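Here is a walk through one protein model, from its sheet to its pockets. Keep the structure open and follow along.

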Amino acid sequence: MSQPQNLSDLEAKLNDLSAGAGLALIAELFPEKVVFSTSLGQEDQVITQLIASQNLPIQIFSLDTGRLFPETLELLSRTESKYKTRIKVYYPDTASVEKLVGDIGINGFYESVENRKSCCFVRKVEPLKRALAGNAVWVTGLRAEQSANRSEMRRIEWDEANQIIKYNPLLDWTFEQMITYIEEHRIPYNPLHDQGFISIGCAPCTRAILPGEDARAGRWWWEDSKKECGLHSK
Ligand code: SF4
């Protein structure tokens, strides 16, 4: 897909709508071409609720890296049951994982940023590209306050790396707003959040954080570099 010319018009419309109404508009404008990637985090659970409660024709998918917490997979199953829907799960390419582990070792991602990025590429980035291929809009749960690196995000933007429109319906939601919404709608969430885990990814690369620490301090904590896995370019 090439970059559409009228994204700023669409952005202006979306800025006047709630997240739920925005999702409905996007689903209507791009029929059968909208996908939502969930990592089962709190933001993503809110979006799943917004999609499922309106029965929107948006494909929900998740990436099973093979290194997720059991709690995350259990939550995926609970979410499917609650919303009576199937979340499409993408897996890494078997031969690529075997080569990666043969080259760097089963936990070789701790040894260098390069190894870690190779692991994230094989287990996340490549499956994501497969999941996005052929679609027009990628819905994500990014919030602007989550990270300094993401503070320049737009509600809707062109993702050059994946050649797709990226829509961030929760862009301006605060953490407190999200928690209130989860409580009010009894949305299932990962029990690890109650143990100090904020941003939950793969088990060997996620730890709980202390009060006052940055939300992403629990991800790849042994690295000084920018803490991104390549899924989002900002
Ligand atoms: Fe590999 Fe860790 Fe990246 Fe998961 S988060 S894909 S285990 S390096």
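Start at a hairpin. E5 and E6 form it, with four residues between them. One residue of that turn, Gln163, has a positive phi of about 55°. Keep in mind that this is a predicted model.

How unusual is a positive phi? Most residues other than glycine have a negative phi. Gln163 is not a glycine, yet its phi is near 55°. The residue sits in the loop between E5 and E6. Its relative accessibility is 32%, so Gln163 counts as partly exposed.

Now look at the strands of the hairpin. E5 and E6 run antiparallel and are joined by four bridges. Within this pairing, Trp158 has Ile165 of E6 as its bridge partner. E6 also pairs with E4, this time in the parallel sense, over three bridges. There, Trp138 is matched with Lys166 of E6.

What happens on the two faces of E6? In a regular strand the side chains alternate between the two faces of the sheet. On one side of E6 are Ile164 and Lys166, and on the other are Ile165 and Tyr167. All four are buried, and both faces of the strand are covered. The lysine is buried along with the others.

Step back to the whole sheet. Six strands form it, and the sheet is open. Read across, the order is E3-E2-E1-E4-E6-E5, with mixed pairing. Which strands stand at the edges? They are E3, residues 88–90, and E5, residues 156–159. Each has a single partner strand, so one side of each is left without a neighbour in the sheet. From one strand to the next, the twist averages 30°.

Move to another pair in the sheet. E1 covers residues 34–37 and E2 covers residues 59–63. These two strands run parallel and are joined by three bridges. Val35 stands opposite Gln59 of E2.

Helices pack against these strands. H6, residues 113–132, packs on the sheet and touches E1, E2, E3, E4 and E6. The direction of H6 makes about 165° with that of E2. H3, residues 42–53, lies across E1, E2 and E4. H3 runs at about 145° to E1.

H3 leads on to the pockets. The largest pocket holds about 800 Å³ of space. Its lining has 36 residues, and those nearest the centre are Ser39, Asp44, Ser199, Ile200 and Arg219. Which elements give two or more residues to this lining? They are H3 and E2. H3 supplies the largest share, three residues. By class, the lining of the largest pocket has 13 nonpolar, 14 polar and nine charged residues.

The second largest pocket has about 170 Å³ of space. Here too, H3 and E2 each supply at least two residues of the lining. Among the lining residues are Ile51, Ala52, Gln59, Ile60 and Tyr83. Gln59 is the residue that Val35 stands opposite. By class, this lining has six nonpolar, three polar and one charged residues.

Tyr83 also brings in Pro188. Pro188 lies in the segment after H7. Apart from neighbours within four places in sequence, Pro188 is in contact with Gln45, Leu75, Arg78, Thr79, Lys82 and Tyr83. Gln45 is 143 residues away in sequence, but the C-alpha atoms of Pro188 and Gln45 are 7.3 Å apart. Is Pro188 buried or exposed? At 10% relative accessibility, Pro188 counts as buried.

The segment after H7 (175–184) also holds Arg186. Arg186 is not a glycine, but its phi is positive at about 50°. With 72% relative accessibility, Arg186 counts as exposed.

End beyond the edge strand E3. Tyr91 is placed in the loop between E3 and H5, residues 94–104. Not counting residues up to four places away in sequence, Tyr91 touches Asp64, Pro127 and Arg130. Its relative accessible area is 48%, and Tyr91 is partly exposed. Tyr91 and Trp221 are 130 residues apart along the chain, and their C-alpha atoms are separated by 25 Å.

Conventions
Residues numbered from 1 in each chain as written. Predicted model: local features only at pLDDT ≥ 70, side-chain atom pairs only at ≥ 80, totals over all residues. Heavy atoms only, no water. Pairing = 2+ DSSP bridges. Axes fitted to C-alpha atoms, helices over the stretch in contact; angles between N-to-C directions. Contact = heavy atoms within 4.5 Å. Buried < 20%, exposed > 50% of the residue type's maximum accessible area, 1.4 Å probe, protein only. 1 Å grid on protein atoms, 1.4 Å probe; cavity = no way out; pocket = protein on both sides within 12 Å on 5 of 7 lines; lining within 4 Å. Points joined across faces, edges and corners; volume = space filled by probe spheres on them. Nonpolar A, V, L, I, M, F, W, Y, C, P; charged D, E, K, R; others polar.
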